[in-house]
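Work through the exercises below with the model open. Each task is followed by a solution in steps.

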Amino acid sequence: SQVQDVFSDKVQKAKNMAFVFDIDGVLVHGDRLIPEGKRVLQMLNGDNQLGIKIPHIFLTNGSGKPEKARCEQLSKILQNPISTDQFIQSHTPMRALAEYYNTVLVVGGEGYRCREVAEEYGFKDIIVPNDIVAWDPSIAPYRVFTEEERATSRPRDFSKVNIEAILVFSDSRDYATDMQIIVDLLRSENGRLGTVAKDPVSQRIPIYFSQGDLLCPTEHPIPRMSQGAFRIGLEAMYKALTGVELERVVYGKPELATYKYADEVLASWMETLHGEERVPQNIYMVGDNPASDIVGGNMYGWNTCLVRTGVFQGGENDEENPANFGVFANVWEAVTAACRKEL
Ligand code: G3P
Ligand code: MG
């Protein structure tokens, strides 16, 4: 019948659209739920007129915990199941680097969670800055090293180890120590601490950053500096000390590689949901940060929705990176507008 035709047409359209959600400032503020986030996920998970699941994945510049732990935490806050198969955080694509580097320095994050992340990614020999400070405290002259930190670090004779790459996974908890050790390594002969290369370029080990956000909204009224600011500081120091530019690789939004990775995740999530491994045609990115979520989505040909629950606090639209689908009060308004358009 006609009613049935209309219904199956809508089901087909629903399978041809997908949402990509930013997390901080769209669905949650830290550990605090944004209520419209829960409502949206319920609707997309099948609580809708069609009774079907509308595909969606999560693309966050967040970092610092294994994917499984973060998804469990988010599932609780949002009261909807979030699978690691639909979840990309800033360092998720860096998993691929485990194939190329054996011994790596992993920087940033709380405690030893990033060591855990790197282990989970398959890196074999993982060093964190505290391992180096425990070996030779004079490397970080102003650092006060606690007994607890000493007990949990893994010192060895780093003058006999070649560190093959530096991976900044998350925000540095101690800029002075981390910057000192990173600059030491970048200036060394092939990542050997205690050496200084004559030519700064030919023996330099590579450095990777998981994301480039300059600022991050927190409990503090003015956004705090994030990994992008740390990187710019390092680049300036390195240039001043060596006279050459630092080459580096940055992951995360709005870098192109991250969006390509998101397409792969979307296609395989489509396979899980609907048995068809393909990227839906109409993709909507919902984000709060014009300088990462929106500019990246615009460049990649996605429909972009900017919400007012996070970083963006401007007028009608962002002036530099306007959202092409529109600006919305919150994620519910954005998602329902997209569904009205597509279905
Ligand atoms: O700035 C780092 C992080 O907190 C941003 O997360 O989910 O807004 O990309 P998200
Ligand atoms: Mg955000």
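**Exercise 1. Give the strand order of the five-stranded open sheet and identify its edges.**

Step 1. The 5 strands follow the order E7-E6-E8-E9-E12, and their pairing is parallel. Strands (E, at least two residues) and helices (H or I, at least four) are DSSP runs numbered from the N terminus, and two strands pair if DSSP finds at least two bridges between them.

Step 2. Strand E7 (125-127) and strand E12 (249-250) each have a single partner strand, so one side of each has no neighbour in the sheet.

Step 3. Inside this sheet, 4 bridges link E6 (residues 103-107) and E8 (residues 165-168) in the parallel sense. Val106 stands opposite Leu167 in E8.

A note on conventions: this is a predicted model, where local features need pLDDT of at least 70, side-chain atom pairs count only at pLDDT 80 or more, and totals for chains, interfaces and linings use all residues. Residues are numbered from 1 along each chain as its sequence is written, chains are lettered from A and ligands numbered from 1 in the order in which they are written, and side-chain values use heavy atoms, with hydrogens and water left out.

**Exercise 2. Do the same for the open sheet of 6 strands.**

Step 1. The order is E5-E4-E1-E13-E14-E15, with parallel pairing.

Step 2. Strand E5 (87-88) and strand E15 (326-328) are the edge strands, as each pairs on one side only.

Step 3. E4 (residues 56-59) runs parallel to E5 and is joined to E5 by 2 bridges. Phe58 stands opposite Phe87 in E5.

**Exercise 3. List the residues around ligand 1 and its polar contacts with Ile23, Asn61 and Lys253.**

Step 1. With a heavy atom within 4 Å as the criterion, the surrounding residues are Asp22, Ile23, Asp24, Thr60, Asn61, Gly62, Gln211, Asp213, Cys216, Ser226 and Lys253.

Step 2. A polar contact to the ligand is a pair of N or O atoms within 3.5 Å. Oxygen atoms of ligand 1 supply these: one is 3.0 Å from a polar backbone atom of Ile23, one lies 2.8 Å from a backbone N or O atom of Asn61, and one is 2.9 Å from a side-chain N or O atom of Lys253.

Step 3. Alone, ligand 1 exposes 310 Å², of which the protein buries 90% (Shrake-Rupley method, 1.4 Å probe).

**Exercise 4. Find the unusual backbone features at Pro254 and Gln79.**

Step 1. Lys253 and Pro254 are joined by a cis peptide bond with omega of about 0°. Pro254 belongs to the loop between E12 and helix H9 (256-274).

Step 2. Gln79 is not a glycine, yet its phi is positive, about 50°. Gln79 lies in the loop between helix H3 (67-78) and E5.

Methods: Polar contact = N/O pair within 3.5 Å; in protein donor to acceptor, adjacent residues only side chain to side chain.
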